[in-house]
Every structure is written in C-alpha cells, then in structure tokens.
Amino acid sequence: MIEPTPSGPGRPLVVAHRGASGHRPEHTRAAYELAVTLGAEAIEPDIVATRDGVLVLRHENEISGTTDVADRAEFAARRTTKTIDGQRLTGWFTEDFTWAELSTLRARERLPQVRQASSRFDGRYPVLRLRDLVGILDAAPTPVRMVAEIKHATYFASIGLPLDELFAAEIAGWASRDRLTIEAFEQTVLRELAGRGVPAQYVYLLEKAGAPADLVARHGAAALDYAGHLTDEGLARLAGSVDGISVDTALIAKPPRRGEMPVASDLVARAHAAGLAVYTWTLRPENRFLPGALRIGTAPAAHGDWLAWFRLLMGTGLDGVFADHPDLALEARAAL
C-alpha cells in the first residue's frame, strides 16, 4: 500500500495540476514556480517526447492548443493528421520536432475563454523539458513531490520512442519513492518502469469510460475496460501491481438527479479496503467544471461554490487531489 502522504491521514496531498495552471499557462516555468510559492506539495507534469528523444512537458503531444506553433510559418508544413490511442487528431505533434525546434515555441493558455487572466501571459514562456522541472523542484525552499504522468506510451513505443527507457535514463539518480510518483493510463508502461528499477510510487489512471490503449492494442475489442478495473475484483488485482489509482471526480461524487447536490460514491472506501491509495482529478472552481447545483450565476468562467465541491470530494478520504488552483485546494483542505 502507498505510504501516507506528507499531509497526514484525512488530509489529502495537494498536487498542482500542470503547475498552478489556473493562474498561468500550464507546464510553464511560471506555472510551476507559482505552484511552489502557493504551497503545493506536489507538481504534476505531463511527459511526451520530441523526435530526438528529449522529454518535454506538454498536456498532449498535439500542441496547437498550448503553443504558438500554428502561427509559425516555418512549421506550417508540419501540420498533419494522426491517430493517437484511437483518436484521430489534426495538428502539430512533438515527435515531429527536434528539441532545438520545439524550444523556439512559446506557450499559450489552453482554456482562454475560461481563463482570460491567464491568457494575458500567452507568448511569454517557452516549452520546458523534464530536466527543467527537476531543476525547479531542486531549487524549491521545501520538498515538493513530482507526480509524473507518462502520456501515450504505447503510441510512442510504436514510433521508436520508448518513454519508459527515456524517462528512466532522465530521472536516474534523482528518483526516490519519497519524491516521485509515476502515473499513466496504461499499466504496461508502469510495469516497464518498475522493471527498470525506477524507485517511485506507481498510480494507475482510470477514465470514466473506454479502455486502456495498451490493452486495446493487445486484445482489441476484448480488452478489459476501465469500469472492469473498478469492480472489487478489479481493484484487488490492481493492488498487486500498483500503489494507487487516480480517477475523474465524477467517479468520486456525482449528482443523483439533475439539479440535486452531489453525493459521494463508495469508490474511495472500496479501493482503500483493497489496499490502494486514491487520487482524483481535477478540482477546478469555475462554473463550467462544477456540478449544476453548485454553480453561481450563468457565466461559465465565473467561480461557483467551489469550496463546497472541494470539501465534499476531500471528505471522502482521498489520499490526494489534483487542482489547477493549488491555493484554493489548500484553503478547502484547511476547512475540513
């Protein structure tokens, strides 16, 4: 079972989701450093690769929504269409750029209509590498954990960029179980990293619907879906191979009927009974992301009753929460 978080029993670890991404464009130095300043106990980077095998920090390998690549005439010919984990996407992809090329791009707010204040920082910050975040964490005045999400590992392996090998080499000498958590929507890459001896806590990400890309690649339509992993039997199987699970907030609490207050599910209790830690993503204060009964007004970007939502989720006994505004998550935790 996963070790107790630094926050202590009943006080979930607050993980800054892609940095303080509610305040600054995600995965930028400003977002990461602000998260540290605001008191986040951990920071979550999403990890993808360049053509020359450099690990970079982007929400997805398709980067048109988070960088200025679409405005860069010299890269216009790189626009293409690919199928990534069963989803057909058109845009620009990190694996089609060298690090030298990617480093010339500048980050943009991914949700500009919701976070106009953050979008004022568009164009200021470059794309970062994994090693840049390691430097930021090493410079933090107090210990800050890395919760590294390995993205699209099966896809990257298929094009000759094995993320397990690249990550293990990059993090060697820095990683330890008390400073690193590794998470992924694919158990295969978690097993590969554990097999390489990377010292970390391992967490399996689970969606509300669908099936893991690695299992679909191996078994096709017969692949065990995410729901199958969340039964009591599925949780018991996971307990033998990972330290915890991380799920959408909709699996932790959901409204029984339209307009009614959300109610907690029994997932946290069942997972704990199986010996698994439980995390949830993503705590966000804007109306757009809140259950209908907790929205205030009609503006999607306005903050609703986020405190009630955050406290309801934390009150289920979660071991950790991912938040775009780590300062608000810490405030909610203090009010428990």
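What share of the 336 residues of the chain count as buried? The figure is 54%. This is a predicted model, and its mean pLDDT is 96. The chain holds 13 helices and 14 strands. The points below follow a run of parallel strand pairings, then the nonpolar core and one loop residue.

**Confidence**
- In the chain, 97% of residues reach a pLDDT of 70 or more.
- Residues 1-8 are a stretch to read with care: pLDDT stays under 50 there.
- For residues 1-8 the model has 17 contacts beyond four places in sequence.

**Overall shape**
- The radius of gyration is 19 Å, which agrees with the value near 20 Å for a compact globule of 336 residues.
- Along the principal axes, the C-alpha atoms fill a box of roughly 50 × 45 × 45 Å.
- Take the contacts between residues at least 6 apart in sequence: 66% of them join residues at least 24 apart.

**Strand S8 and its partner S7**
- S8 covers residues 180-184, and five of its five residues are buried.
- Leu180, Ile182 and Ala184 point one way from S8. Thr181 and Glu183 point the other way.
- In a regular strand, side chains alternate between the two faces of the sheet.
- S7 (residues 145-150) pairs with S8 in the parallel sense, over four bridges.
- Within that pairing, Glu149 stands opposite Glu183 in S8.

**Strand S9 and its partners**
- S9 spans residues 201-206 and is mostly covered, with six of its six residues buried.
- One set of S9 residues, Gln201, Val203 and Leu205, points one way. Tyr202, Tyr204 and Leu206 point the other way.
- S8 and S9 pair in the parallel sense over four bridges. Here Glu183 has Val203 of S9 as its bridge partner.
- Helix H7 (residues 187-195) joins S8 and S9 in a right-handed β-α-β unit.
- S9 also pairs with S10 (residues 244-248), in the parallel sense and over four bridges.
- Leu206 has Val247 of S10 as its bridge partner.

**Nonpolar core**
- The largest nonpolar core has 98 residues.
- Residues with the most contacts inside this core include Met146, Ile150, Phe167 and Ile171. Leu180, Ile182 and Ile245 belong to that group too.
- Leu180, one of the S8 residues, touches Arg145, Met146 and Ala148, among others.
- Other contacts of Leu180 include Phe167, Ile171, Trp174 and Ala175. Leu180 also touches Val198, Pro199, Ala200 and Gln201.
- In soluble globular proteins, nonpolar side chains tend to be buried together.

**Loop residue Leu251**
- Where does Leu251 lie? It sits in the loop between S10 and strand S11 (253-254).
- Leu251 has a relative accessible area of 21%, so it counts as partly exposed. The cut-off for buried is under 20%.
- Beyond residues up to four places away in sequence, Leu251 touches Leu206, Glu207, Lys208, Leu230, Ser265 and Leu267.
- One of these contacts, Leu206, is the S9 residue whose bridge partner in S10 is Val247.
- Leu251 and Phe93 are 158 residues apart in sequence. Their C-alpha atoms are 31 Å apart in space.

Definitions and conventions: Residues are numbered from 1 along each chain as its sequence is written. This is a predicted model: local features need pLDDT of at least 70, side-chain atom pairs count only at pLDDT 80 or more; totals for chains, interfaces and linings use all residues. Side-chain values use heavy atoms; hydrogens and water are left out. pLDDT is the predictor's confidence in each residue, from 0 to 100. Contact means heavy atoms within 4.5 Å. Buried means under 20% relative accessible area, exposed over 50%, partly exposed in between (1.4 Å probe, protein chains only). Helices (H or I, at least four residues) and strands (E, at least two) are DSSP runs, numbered from the N terminus. Two strands pair if DSSP finds at least two bridges between them. A crossover is right-handed if, with the strands pointing away from the viewer, the path from the first strand over the helix to the second runs clockwise. A nonpolar core is a set of buried Ala, Val, Leu, Ile, Met, Phe, Trp, Tyr and Cys residues joined through side-chain atoms within 4.5 Å. The radius of gyration is taken over C-alpha atoms; the globule rule is 2.2 Å times the number of residues to the power 0.38.
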